[in-house]
Amino acid sequence: MADTSRDQDLFLAAEAIRAKAYAPYSRFQVGAAILADDGKIYTGCNVENAAYPVGNCAEPSAIAAMLAGGAKRIKRIYVTGPGTMPVTPCGGCRQRIREFADLDVEIISHGVDGAPLICTLDQLLPHSFGPEYLPK
Ligand code: THU
């Protein structure tokens, strides 16, 4: 069951961390806020680099914060960025989220001058490969 009651908290957390994003090259600051299985919110921002390909997206930063905080699973994730288009996770980040979220987990993508878009992980990454495919 989706826990939409905390979306405002997630939005505010994503916006607070987005203000700290290091994005001098694209000038496209992104914030991500995860509601985790321990009930806490973990956040991350994008961190670019002069060697462009080694920059990090906001989502893996938030996942790292979640693991560092002792939580294990993503229950809901909110991504914010500039503009009116919903800032949907890039392909690589969809797969990174897949590692720590069930397929019915909702991802809220929000270009903050527009309306949020809510999709499940399965909608954003259909027919996906995940940890359960690998032998134990
Ligand atoms: N970006 C993210 O942080 N997350 C995404 O899912 C989409 C893209 C960042 C990467 C780069 O720093 C900037 O947005 C422009 O692509």
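In the predicted model, a backbone N or O atom of A58 lies 2.8 Å from an oxygen atom of the ligand. Taken alone, the ligand exposes 370 Å², of which the protein buries 77%. Two side chains also approach ligand oxygen atoms through polar atoms: that of E48 at a distance of 2.6 Å, and that of N46 at 2.9 Å.

The ligand sits in the largest pocket. Its surroundings consist of S26, F28, V30, N46, E48, C57, A58, E59, T88, P89 and C90. When these residues are grouped by class, the shell comprises six nonpolar, three polar and two charged residues. Both E48, with its polar side-chain atom 2.6 Å from a ligand oxygen, and A58, with its backbone atom 2.8 Å from a ligand oxygen, belong to this shell.

The cysteine residues were examined next. A search of the whole structure finds zero disulfides. For C45, the closest cysteine sulfur is that of C57, and the separation of 11 Å is too far for a bond. C45 counts as buried because its relative accessibility is 12%, a value under the 20% limit for that class.

C57, which is among the residues surrounding the ligand, is likewise in no disulfide. The nearest cysteine sulfur to that of C57 belongs to C93 and is 3.7 Å away. Since a disulfide requires two cysteine sulfur atoms within 2.5 Å, the 3.7 Å separation between C57 and C93 does not qualify. With a relative accessibility of 30%, C57 counts as partly exposed, whereas C45 counts as buried.

How values were computed: Residues numbered from 1 in each chain as written. Predicted model: local features only at pLDDT ≥ 70, side-chain atom pairs only at ≥ 80, totals over all residues. Heavy atoms only, no water. Near = heavy atom within 4 Å. Polar contact = N/O pair within 3.5 Å; in protein donor to acceptor, adjacent residues only side chain to side chain. Areas by Shrake-Rupley, 256 points an atom, 1.4 Å probe, with all protein chains shown as cover. 1 Å grid on protein atoms, 1.4 Å probe; cavity = no way out; pocket = protein on both sides within 12 Å on 5 of 7 lines; lining within 4 Å. Sits in = over half its atoms within 2 Å of the grid points. Nonpolar A, V, L, I, M, F, W, Y, C, P; charged D, E, K, R; others polar. Buried < 20%, exposed > 50% of the residue type's maximum accessible area, 1.4 Å probe, protein only.
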